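User: I'd like to go through the labels on this one and see what backs them up. Can you take my questions in turn?

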Amino acid sequence: MSEVQIDAAGHAEPSFSTKLIWRTFWVLLIITVIELALAIIYYETHFLPKHFLNGLFIVGTLAKAFFIIAEFMHLKHELKAMVMTLVFPSLLFIWFVIAFLWDGNSYRDLRNRYDSHHLEQSKTPAAKKPGME
Amino acid sequence: MSQAVQAGQKLWGGGKSPYNVEYGKLMMWFFLMSDAFTFGAFLISYGSIRFASNSWPDPNHVFKTFPIVGEMRVPLAFVSLMTFILIMSSVTMVLAVAAGHNNDRKGVMKWMVWTILGGLAFLSCQAWEWTHLYAEGAWWGRNPFMNIDGTQSSTNFTNFFFTITGFHGFHVFSGVIINIIMLIMTWKGTFERRGHYLMIEKAGLYWHFVDLVWVFVFTCFYLL
Amino acid sequence: MSSDTILHGHSDVVTSHDVHLDEHGAHHHKETFITKYIFSQDHKMISKQFLITGMIWAIIGGLMSVIFRLQLGYPDTTFPILEDIFGKWAPGGKISPDFYYALVTMHGTIMVFFVLTGGLSGTFANFLVPLQIGARDMAAPFLNMLSYWAFFTASIIMISSLFLTAGPASGGWTVYPPLSALGDATDGSKAGMDFWIVAMVFFVVSSLLGGLNYITTILNMRTKGMSMVRMPLTIWALLFTAILGVLSFPVLLSGLILLLFDRHAGTSFYLSDIFIASTQKALPNEGGSAILFQHLFWFLGHPEVYIIILPTMGLVSEVMAVNSRKPIFGYRAMVGSLFAICILSLLVWAHHMFVTGMNPFLGSVFTLLTLLIAVPSAIKVFNWLTTLWKGNLRFTPGMLFSIGFVSMFISGGLTGIFLGNSTLDIHLHDTYFNIAHFHLVMGVAAFFGMFAGVYHWFPKMYGRYMNNTMGYIHFWVTMIGAYLIFWPMHYEGLAGMPRRYMDYSNWVSFRQFEDLNRFISTVAIVVFAVQLMFVFNFFYSIFKGRRVTTQNPWGATTLEWTTPIRPGHGNWVSEIPEVHRWAYDYGKDGREFISQAEPVGSNESSGH
């Protein structure tokens, strides 16, 4: 059925452009290198606040995900209905992430408030273990 | 409603795929959607536990070694290499799919071989990294690393690391197997006789998904 | 386009036999017993396999409830026969506490997953999707077959856990850690728990294979003219069900994998601050969170209850419209509310966790989202009632069960509004009020929808009718019995009687319910016996039931009634019919019904 459709649908499937593939590769590589550079610079010099960096990392990750899905997985070149069918369920991740992290954070507060032993423990520096320099 | 369907609705009018996509590819997409929730659940659980902890080990400190060269000054160098390998193999996979679109059997085979090699290289890197961490005393239920503030760390850092990278590695492994099967089928001319290389495209989707997951694993474990 | 291409869609899928081009129907196929009845790729046969496996599970699960109801109704009496059957599990004819917990755990697991998910979706999605959208089979018949066999494997593993020395899992069907994570915690935390997890992993695989198939088939394989808004509501409901499964089952899979690591690899994903009384020592596990598992479990668990109820909503809508001889009222509102329920059900999971120590403010968000579900549910109830309104009702057993479904759905649904409220839930949580709520709304109601479907489509499945008299007895006893069983439980729950206790006689406050409990148990046994009569009716009718003589015995509009009385693999003998209208043209222009396959007449009044 499919072969017939793809040929007869009048919707010319754009063939993969090698140029576009390599461009996507460079974009992915550059984002990754920037992320790494920032991470290493932070490790050495504590340049920029960590929270700000984390934000940058997440934006970079989402950008990379977009390029992989849109270009490598070719979703950008599919029909819009298909894109929406896949994007819409993914929105569930938003609430998934918010609720889980929110409750994780709340659990920490709860323990710190009611479990003083735990709080004390988590403030006491540990003895260096063998195997660590 | 029972009148003739409008021109705009024709795609949804039945008798053909509304997405103009063959069923197997659609199924692969929905499978990847569900698999994304498997990985999502792992990573979000990791996030939840990390949010529930007062402190956490510093990845820059843990992942800082490189094979042969030994203790490198640059942290995260090795994982950068792994990331590069995986992105690269994704590129070769797209090139294989592109060659398939042009019914270029030789091209498909060439790029599939490169993709498989990339996958194997990634798996080897992972094997080395795991061995190295194991030698440092890290494993499921064992965590030699301390929190960034010098306090005792729970074992969940290594628990999640090995579980999630392991699950990802398992996906890479099965991807390599699938790719090898695809290579053999291409070599035998199965797709050429069929007249299209849609199977390569579906295998490609899976392979890119593995790459996609790695992007998130990379961020969650090595950067944040 | 040859029909062969349509069925196979793509030459990747290799079916072993070439049945659909055969003009003579099902009789001349070179099918062996094995390819026809065991490793069949025909969606109709797979559906029957799911149905019969589900029925076997339902008998086992129901029998378990009879055994623990015996204990609850007669806590002081001994039944020597129990010792004869169960040996050390019922010493002296009184079931042991471990056995009691194993029974309630397995009753829940079996009913929720194996009967009302596998048995229900597996049966009706497989049976109705290709038939009602006009396809010769599923998109991928081979994967469809694998879906059943993964379900079968899960069943075998789960059932063998019943025969382990230490018994099956017994920490509740929700398998919360630490009981499920610490292998030494109870007998039910031992190998039985591992069997439970492995069985559920196979179950998830089965559900994914099935769900992906249903979605792709519905989207891609509709016959010409079958636009989305012409699909019967059954198909819409099954589509949303499949989407819920595909999005939420993987999360359970992840949760169970982490649980396996906690059990066997020394990790502490869910464990922290555990002190063992017997050894007077604390476990080294530190830093995990038991609440995390509950989040992961209910991320599936809540959509799961809608995976159970949505298909039955679809079945009931269809059966009701056919037997009211009226179009379904508010078709678009029905689809819209199915969609709304589908989305909301994915967002409300933590309303099962109000008393776990979850952040109360987060709980209030979940309360809000939960109460929103009342809106689409009420729309659906309204539409069912208005469909019945002034209809020419035909009280077939299927129709009776559909009406019973609406009754149960209202009664059980209303108490959901109480329970979804995080403040009220503090009192009601883990009481019999909760038991009454979910048994009415997703237990009995879902069973009613399933019965409606079985009675209604039995003629299509086997070419014979089920016995009506037994059907009526089945309906009335079950209907009245279900209310007699579960209505009193609301009062027990409001009085604070907790669930999962095997003996309440030690509490003065609950001793007053002794007679009531005995009454409930008696009714439960009667109702269970009537279900056995249904099973008898089912199997008897397969072989001896009254034969169907017309193609369309109910006078229904949908496509499955345009196939031969006993359709072969491929469903339609010649071309698949083209669809020209929506699925609910009943009583239009003075005609009783107009099949979807009939072209629109030139002087036909417009409408849908």
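**Labels and what backs them**

Analyst: Sure. Helix α6 (residues 141-160) of chain C has 20 residues and reaches 29 Å from first C-alpha to last, close to the expected 28 Å. This is a predicted model, where local features need pLDDT of at least 70, side-chain atom pairs count only at pLDDT 80 or more, and totals for chains, interfaces and linings use all residues. Residues are numbered from 1 along each chain as its sequence is written, with chains lettered from A and ligands numbered from 1 in the order written.

User: What makes 28 Å the expected span of α6 in chain C?

Analyst: The expected span is 1.5 Å times one less than the number of residues, and α6(C) has 20 residues.

User: What makes a residue of α6(C) buried, and which ones are?

Analyst: Buried takes 20 or more other C-beta atoms within 10 Å of the residue's own. Those in α6(C) include Leu143(C), Tyr148(C), Phe151(C) and Met158(C). The buried residues of α6(C) pack against α3 (43-73), α5 (97-133) and α7 (191-220) of chain C.

User: Why are α5(B) and α7(B) called roughly antiparallel?

Analyst: Their axes cross at roughly 160° and come within 10 Å. Angles over 145 degrees count as roughly antiparallel, and therefore the label fits α5(B) and α7(B). The crossing is left-handed, meaning the near helix is turned anticlockwise from the far one by less than a right angle.

User: How do you know where the predictor is unsure in chain C?

Analyst: By pLDDT, its confidence in each residue, from 0 to 100. Chain C averages 91, but residues 1-28 of chain C stay under 50.

How values were computed:
Helix = DSSP H or I, 4+ residues; strand = E, 2+ residues; numbered from the N terminus. Buried ≥ 20, exposed ≤ 12 C-beta atoms within 10 Å, placed from the backbone. Contact = placed C-beta atoms within 7 Å. Axes fitted to C-alpha atoms, helices over the stretch in contact; angles between N-to-C directions. Parallel < 35°, antiparallel > 145°, perpendicular 65-115°, else oblique.
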